[in-house]
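Subject: Structure handover

Hi,

Here is the structure I promised to pass on. Please open it and keep it beside you while you read my notes.

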Amino acid sequence: MALVPLTTSAAGPSAGPNHRVTRDQGGAYVSADVMGGGVYTDKVLARCGVDRRMQNEPTIAIDPRNTAVRTAGSNDYCTVPTTGDAWAGFYRSDTSGASWVDSLLPGYPGDASLQGQASPIPAVSGAKAAGDPVQAWDAHGSLFFMGNNFNRGVPDGNSFRTRDNTGDVWVATYGPSATGTEGDGSHYLRTVLLATNTSGQGHFNDKTGIGVDTSGTATGGNVYAAWSDFHGSGCNEILFARSTDHGVSFSQPLKLSSGLCGNQGPNFAIDAQGTVYVSWQANTGGSFGQNGVNGAALVKSTDGGRTFTAARLATTYNPFASNAFSGNGSRQCGDAPFNCPTGFTFPRFDLAMPTITVDGLDVDMAYQVALANGRGQIQFVRSIDGGSSFSPAMAIDNPGTGHQFFPWISAAGGVINAVFYDSRNDPNYDATRPPCNTASGFGSPCLDVYYAVSSNHGASWTSSKVTSVPTNPNYEQFGGRRVPFFGDYIMVSAVPGATAAVWTDSRDVALGVGSTDGNDVAGDPTAGGTCTSSLSPCFDGTGGLDQNIYTANLSH
């Protein structure tokens, strides 16, 4: 693939103060009932406000009719001590992101509120976990919150009990208050299941994507949802459903990915004419990341999601993936038993799904690419013919050093906004090493979030740093404090008059005393800790687990 040289202009974008979204130390989580004016609380919510647990895979969405209001979400591990697993966190701000009210999607184990009891999630699958959140607003003050819920499976002899390996897909709706736009997205209305799976091991619903048609056309108000469906045999699929009644009900799933394999990570873009575009990562044969040609798959619909064009790879690329640094194909590496031959410590960052937006009638995509020397770089392509063809790839921002990964783009008002992780400030950077690792595998805070903008349809870009302090993505907070996990994406939301980024951040994590590799958090067994079970009470009092979600307002 030809790489177009990057061109830049003198002016650059800027980021406001970094604000912490998740308050799980000396804070408070409230119920959806309280957000709507009620009084319900319970021990799960109380514990979430004090434990220094982890949150990752954040989403953010700005209310287009009141930009002071925005919502966010994450995989929230504050529920682990009381429910046994993570749940979908839902966070809302009416102060342009300066302060947040933290809550959980109703239906978590132990939720006795009216909203929780009305949720279909526990009734259908009895799931203990929920995550992979994405969000989108309509034009009338309603927020649509999508994700999946699941059980991870429990050992039963030499196999897994099939009934415990569930994975359902849901969309929840949070509506406006009766008076004033300041209450947009504050009232939980319902959760609807789009797909259920109790067929067991080898069949699982995964990564989700959501979009809302805010055009003034006949399809305005439609809610679109897509997700990955994995099977025990054959190529996995991208499934799609739509709602024409504001999220009250959804159509039966429609397969979008015929003819492609390795399908993962769907995302939406909807233009002012109501044309729907869905992109995802795919290849032309074999399982995820193996065999065939990899690239960005694309389909589109011009009839409100009733029918779609045939799936195809709109552009191809070699994805930047974490397993290149393990020496044995592992997606992430840490301490034994998760150690790897190279001796490096790093989380997985191999979901190289394309992110998509529309800039007027242009269709734009960005994704993470591995250059010939192994360096990770964010690249951008543009279509001026409705997705039929795309320009040669160009680097959004090319500092010449550091790895870039987890891009997200969103366009508004003739400006394309992009955010991504970037290790350009790592003094120990080497293209053959994962971010924030020395040659011996010693880790340190080196990773930043960068913001890039283009006001000329992607022909040139300017960038600036978003994070006020660098973060270490390699802290071993999972698997009994033995392996890192940093989620699979970060996001930017842009509407006319406001832009904001959200990301996973480890600045609050306590490094363990006597750390052997710079990544051992407080309580880490390698650094002398004895508590390795996340369900044990001793796991909570030792600290070192405080991974959080941060946000910042962006300007250009």
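Seven strands each supply at least two residues to the lining of the second largest pocket. They are β5 (55–62), β9 (129–137), β15 (204–212), β19 (261–270), β23 (355–359), β27 (404–412) and β31 (491–495). Bear in mind that this is a predicted model.

The second largest pocket holds about 1000 Å³ of space. How is such empty space found? A probe the size of a water molecule is rolled over the atoms, and this shows where space is left. The lining counts 42 residues. Val212, Thr357, Ser410, Ala411 and Ala494 lie nearest the centre. What kinds of residue make up the lining? There are 26 nonpolar, 13 polar and 3 charged residues.

Next, follow β31 into its neighbour. β31 and β32 pair in the antiparallel sense, over 5 bridges. Find Ala494, one of the residues nearest the pocket centre. Its bridge partner in β32 is Thr499. The hairpin of β31 and β32 has 2 residues between the strands. Look there for Gly497, which takes a positive phi near 100°.

Is β32 (residues 498–505) enclosed or open? Of its 8 residues, 8 are buried, so the strand is largely enclosed by the rest of the structure. Buried here means under 20% relative accessible area. In a regular strand the side chains alternate between the two faces of the sheet. So check each face of β32 in turn; both are covered. Ala498, Ala500, Val502 and Thr504 are buried on one side. Thr499, Ala501, Trp503 and Asp505 are buried on the other.

β32 also pairs with strand β33 (residues 548–555). These two run antiparallel and are joined by 7 bridges. Trp503 of β32 stands opposite Tyr550 in β33.

Now the disulfides. How many does the structure hold? It holds 4. I describe some of them here.

Start with Cys48 and Cys78. Their sulfur atoms are 2.0 Å apart. The torsion about the S-S bond is about 75°, so this disulfide is right-handed. Cys48 lies in helix α2 (residues 43–48). Cys78 lies in the loop between β6 (70–76) and α3 (80–83). The pair therefore ties together parts that are 30 residues apart in sequence. Cys48 has 0% relative accessibility and counts as buried. Cys78 is buried too, with a relative accessible area of 0%.

Move on to Cys235 and Cys261. A disulfide joins them, with 1.7 Å from S to S. This link is right-handed, with 45° about the S-S bond. Cys235 sits in the loop between β16 (223–230) and β17 (237–243), and Cys261 in strand β19, so the pair ties together parts that are 26 residues apart in sequence. Are the two ends buried or partly exposed? Cys235 is partly exposed, at 32% relative accessibility. Cys261 is buried, at 9%. Cys261 also takes you back to the pocket, because β19 is one of the strands that supply its lining.

Finish with Cys333 and Cys340. Their sulfur atoms are 2.0 Å apart. This link is left-handed, with -90° about the S-S bond. Cys333 is buried, and Cys340 is buried as well.

Best wishes

Definitions and conventions: Residues numbered from 1 in each chain as written. Predicted model: local features only at pLDDT ≥ 70, side-chain atom pairs only at ≥ 80, totals over all residues. Heavy atoms only, no water. 1 Å grid on protein atoms, 1.4 Å probe; cavity = no way out; pocket = protein on both sides within 12 Å on 5 of 7 lines; lining within 4 Å. Points joined across faces, edges and corners; volume = space filled by probe spheres on them. Helix = DSSP H or I, 4+ residues; strand = E, 2+ residues; numbered from the N terminus. Nonpolar A, V, L, I, M, F, W, Y, C, P; charged D, E, K, R; others polar. Disulfide = S-S within 2.5 Å. Buried < 20%, exposed > 50% of the residue type's maximum accessible area, 1.4 Å probe, protein only. Pairing = 2+ DSSP bridges.
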